[in-house]
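User: Hello! Could you take me through a close look at one part of this model, in terms that suit someone from the bench?

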Amino acid sequence: MAERDTPPPGDSPRPSSSEVPGSASGRNSSDENGHADSPDETLSPTSVIYFKEALSSSNVRFGGTVAAAGGSLSPTPLRRFDFHIERIGSKRRNPKDPIAIERLNLMNMAKLSIKGLIESALNLGRTLDSDYAPLQQFFVVMEHCLKHGLKTKKTFLGQNKSFWGALELVEKLTPEAGEITASVKDLPGLKTPLGRGRAWLRLALMQKKLSDYMKTIINRKDLLSEFYEANALMMEEEGAVIAGLLVGLNVIDANLCMKGEDLDSQVGVIDFSMYLKDGGHSSKSAEGDGQITAILDQKNYVEELNRHLSASVNNLQAKVDALEKSNTKLTEELAVANNRIITLQEDVERVKEESSYQLESRKALRSDSAPDGQALGETRKQLKEETLLRLDVEKELEVQIGMKQEMELSMKMLEKDVCEKQDALVELRQQLDDLRAINQQLGHKSQSADASSKQKGEVITRLEDKINQMSGTVKQLESSEKHLVKQARNLNSTAGKLLQLQQ
């Protein structure tokens with residue numbers, strides 16, 4: 001349901017009865033897969049959900065008219081919801097359509113593969129590598145899903161049928177995917193588009209962005225139509241379901257090395273034996289699996305908290321470095337100001353000496369019997385200039401002293417702040433050490449749980465062997481019992497015959 005600006009009331013036409021989802025002609029029952037029972041054209045499950053949300057809301061506007069709960073018109077402008085009806089296809093659904101069955105089978109296989117990969121990875125409790133069998137099968141299933149309904153492109157070398165072109169669209173729609181595409185193109189040894197597509201899937205899984213990238217290209221069916229047929233899995237609802245299932249793979253950590261792996265000539269065959277589970281031991285190992293899951297959840301929480309504390313420690317360290325730099329800068333400025341104050345004090349002393357010398361010379365001139373008037377005027381003039389200069393120097397000295405006091409106060413505050421930051425940094429490092437110790441304890445617990453689960457498995461196998469031996473002995477006893485019964489009957493018959501002969 002897309003929310004848009006309300007156009008003028010006269011420009012939007014009223015929807016007809018065939019376009020309104022609540023009309024009687026458009027009501028069709030649907031099954032659990034979203035397929036309608038009626039042979040008429042139906043809406044997709046997404047559109048049905050949108051219409052249910054729209055009809056359950058208090059105010060819905062069709063063609064400029066507001067339908068309130070009581071049916072009255074509201075003068076206040078309301079948001080208008082334009083419903084985009086997405087048709088599944090002009091053709092009627094055929095339950096025996098082989099292409100629809102292929103899509104459904106591929107979707108179910110993707111569900112099983114993703115579920116099995118997540119469960120096995122959580123039970124394993126470590127980073128997955130390229131040799132892990134469930135991970136290899138997941139890539140094979142994804143390759144089959146992406147190959148379904150591909151269009152064949154004719155080139156001068158022959159016919160080309162690869163999903164690499166569709167994956168290259170992600171770079172245009174999401175700039176973050178440009179790094180993956182560039183890495184795939186730079187990998188040595190990849191000569192075919194199929195190998196590049198396989199490498200792209202692996203890099204996207206390691207980056208934990210596979211679900212986001214698949215949703216991005218599935219939402220742009222206008223661009224996918226260049227590479228896929230209209231009834232392909234990527235063009236239908238099954239593709240959106242698979243993209244939603246891929247979100248669960250974000251809990252998996254994978255480290256895949258593709259330099260020595262031959263991705264061009266691999267044969268992708270689905271191994272169905274991995275998904276044929278034996279339910280005999282599931283109830284026995286449920287308790288151990290629950291304990292392992294709880295330990296892994298605690299481990300993931302502690303690792304996340306550890307990363308958070310590490311980031312906060314780094315931020316505090318950066319702040320401390322910045323404060324130290326500002327502290328050194330202020331100390332340099334303080335030293336310059338002190339030098340300036342010393343020079344000003346020397347200038348004041350020099351001015352005082354000169355003024356005293358002028359006063360003495362003035363007294364000597366007054367005591368002289370033949371004073372010179374012109375020299376007296378010049379000395380007076382010089383005295384005034386020296387006094388003015390002295391006053392300016394004293395004012396500047398006071399300003400510098402005030403600046404020095406302010407800088408000393410700021411230095412004390414900075415030192416106090418640095419001490420507080422260092423104390424906080426020490427506390428955070430202590431917490432980080434404690435968390436690392438807890439992480440190690442949890443790792444030991446997980447290892448002990450794995451060992452206990454292995455011991456339980458061995459005990460179970462021994463018990464099963466004993467049960468098999470006991471069943472074999474029971475069968476032997478039953479056969480010996482039958483043989484003894486037969487012998488007893490034969491003896492009874494012979495005894496009866498002997499009695500008859502004796503009589």
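Which helix gives the largest share of the lining of the largest cavity?

Analyst: Happy to. This is a predicted model, in which local features need pLDDT of at least 70 and side-chain atom pairs count only at pLDDT 80 or more, while totals for chains, interfaces and linings use all residues. Residues are numbered from 1 along each chain as its sequence is written, and side-chain values use heavy atoms, with hydrogens and water left out.

The helix you are after is α3 (residues 133–147), which supplies three residues of that lining; a helix here is a DSSP run of H or I with at least four residues. The whole structure holds four cavities of 30 Å³ or more, a cavity being a set of points on a 1 Å grid where a 1.4 Å probe fits but cannot get out. The largest has a volume of about 60 Å³, taken as the space filled by probe spheres set on the points. Around this cavity sit S130, L135, Q136, F139, R202, L256, M258 and E261, where a lining residue has an atom within 4 Å of a point. Sorted by class, four of these lining residues are nonpolar, two are polar and two are charged (Ala, Val, Leu, Ile, Met, Phe, Trp, Tyr, Cys and Pro are nonpolar; Asp, Glu, Lys and Arg are charged; the others are polar).

Now for the packing of α3. Its axis comes within 9 Å of the axis of α2 (residues 98–124), and the two cross at roughly 155° (axes are lines fitted to C-alpha atoms over the stretch in contact, with angles from 0 to 180 degrees between N-to-C directions). The pair is therefore roughly antiparallel, the word used for angles over 145 degrees. On the α2 side, the contact (heavy atoms within 4.5 Å) is made by L106, M109, A110, S113, I114, L117 and S120, and on the α3 side by P134, L135, Q137, F138, V141, H144 and C145. Of the residues in this contact, 10 are nonpolar, four are polar and none is charged. L135 belongs both to this contact and to the cavity lining.

Helix α2 has another partner, α9 (residues 237–245), with axes 10 Å apart at an angle of about 5°. These two helices are therefore roughly parallel, meaning under 35 degrees. Here R103, M107, A110, K111 and I114 of α2 meet E238, V241, I242 and L245 of α9. This contact has six nonpolar, no polar and three charged residues. A110 and I114 take part here and in the contact with α3.

Definitions and conventions: 1 Å grid on protein atoms, 1.4 Å probe; cavity = no way out; pocket = protein on both sides within 12 Å on 5 of 7 lines; lining within 4 Å. Parallel < 35°, antiparallel > 145°, perpendicular 65-115°, else oblique.
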